[in-house]
Amino acid sequence: MTSEWVSLFSGGKDSSWALYRALEEGLNVTRLLTVHPSDDSYMYHVPATDLASLAAESTGIELVEVHPGDLEATDVEDSGAQGDAELEPLEAALSDLQSEIDLAGVTAGAIESEFQTNRIEGMCDRLGIDLFAPLWQENPRELGEAMLDAGFEITLIQVAAHGLDESWLGRTLDADALDELEELNEQYGVHILGEGGEFETLVTDAPHMDRPIELEYEKVWEGTHGRLRITDAYLG
């Protein structure tokens with residue numbers, strides 16, 4: 001039996017880059033796994049995860065979807081315990097997959113978040129599988145440039161940070177945007193790739209995708225933060 005890999009996948013740039021790099025390395029990725037929190041989450045990317053199915057169709061990789069319901073991540077007193085609890089439905093889904101396939105490991109898109117990475121590493125240890133984390137502790141600016149050089153098309157779908165106004169909603173993450181984000185990093189401490197939740201993204205096209213995701217949307221702005229309300233999405 002050939003060993004198989006599962007890509008922890010949200011449709012955002014970081015998990016998409018981890019998937020792309022895994023495929024480039026020749027890892028046999030046979031599943032994408034998307035967790036769909038119904039509300040806030042400490043461990044998972046939340047916005048537009050319903051579009052992961054389009055990304056999966058475009059990449060030709062089977063999608064496994066986990067619906068944990070409301071993770072009750074608002075007004076949490078112990079973030080560590082919350083992170084542990086949020087991991088449980090993911091670990092259960094991977095454990096179930098182990099009965100179907102020879103699971104070698106998972107890919108993950110964390111850059112600097114020890115909160116997420118330590119928990120995913122612990123989960124992999126418990127399951128006896130490997131972790132492929134190609135973004136881990138890489139330089140954010142260089143990572144962003146590598147994504148653009150590879151041909152990733154990245155759209156900002158949610159923003160919540162000083163310096164990111166309504167004009168950033170729906171904006172393409174390109175070289176100019178990276179320059180501006182670097183300035184905002186120096187001025188306000190905004191993470192250049194938004195890993196602290198400053199912004200969320202959707203990859204609409206990349207080399208490992210056969211067809212691009214086309215979006216129609218409205219902007220929803222609430223004073224200091226906002227998001228795209230996606231009214232239609234389809235493969236081009």
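This briefing describes the packing, a helix crossing and a few single residues in one protein structure. The model is predicted, and every value below should be read with that in mind. Its largest nonpolar core has 49 residues, and this core draws at least three residues from each of domain 1 (4-132) and domain 2 (141-235).

**Nonpolar cores**

- Within the largest nonpolar core of 49 residues, those with the most contacts inside it are Leu32, Phe152, Leu164, Trp168 and Leu181.
- Helix H1, which covers residues 13-24, gives the most to this core, contributing five residues.
- Leaving aside neighbours within four places in sequence, Leu32 is in contact with a list of residues that includes Ser7, Phe9, Leu19, Ala56 and Val64.
- There is also a second, separate core of 23 residues, and among its members are Leu71, Leu87, Cys124 and Ile129.
- As general background, nonpolar side chains in soluble globular proteins tend to be buried together.

**The crossing of H1 and H5**

- The axes of helices H1 and H5 come within 12 Å and cross at roughly 65 degrees, and H1 passes H5 in a left-handed crossing.
- On the side of H1 the contact is made by Lys13, Asp14, Trp17 and Tyr20, while on the side of H5 it is made by Leu143, Ala146, Met147 and Ala150.

**Two buried residues with polar side chains**

- Thr30 is found in strand S2, which spans residues 29-37, and Thr30 counts as buried because its relative accessibility is 19%, where buried means under 20%.
- The side chains of Thr30 and Arg31 are joined by a polar contact of 3.2 Å.
- If residues up to four places away in sequence are not counted, Thr30 touches Glu4, Trp5, Ile61, Glu62 and Ile101.
- Glu91 lies in helix H3, which spans residues 79-98, and at 18% relative accessibility Glu91 also counts as buried.
- With residues up to four places away in sequence again not counted, Glu91 touches Met123, Arg126 and Leu127.

**An exposed loop residue**

- Gln137 has its place in the loop between strand S5 (130-132) and helix H5 (140-150).
- Gln137 is exposed, because its relative accessible area is 56% and exposed means over 50%.
- The phi angle of Gln137 is near 60 degrees, which is a positive value in a residue other than glycine.

Definitions and conventions:
Residues numbered from 1 in each chain as written. Predicted model: local features only at pLDDT ≥ 70, side-chain atom pairs only at ≥ 80, totals over all residues. Heavy atoms only, no water. Helix = DSSP H or I, 4+ residues; strand = E, 2+ residues; numbered from the N terminus. Buried < 20%, exposed > 50% of the residue type's maximum accessible area, 1.4 Å probe, protein only. Polar contact = N/O pair within 3.5 Å; in protein donor to acceptor, adjacent residues only side chain to side chain. Contact = heavy atoms within 4.5 Å. Core = buried A, V, L, I, M, F, W, Y, C linked by side-chain atoms within 4.5 Å. Domains from an automatic or database assignment. Axes fitted to C-alpha atoms, helices over the stretch in contact; angles between N-to-C directions. Left-handed = near helix turned anticlockwise from the far one by under 90°.
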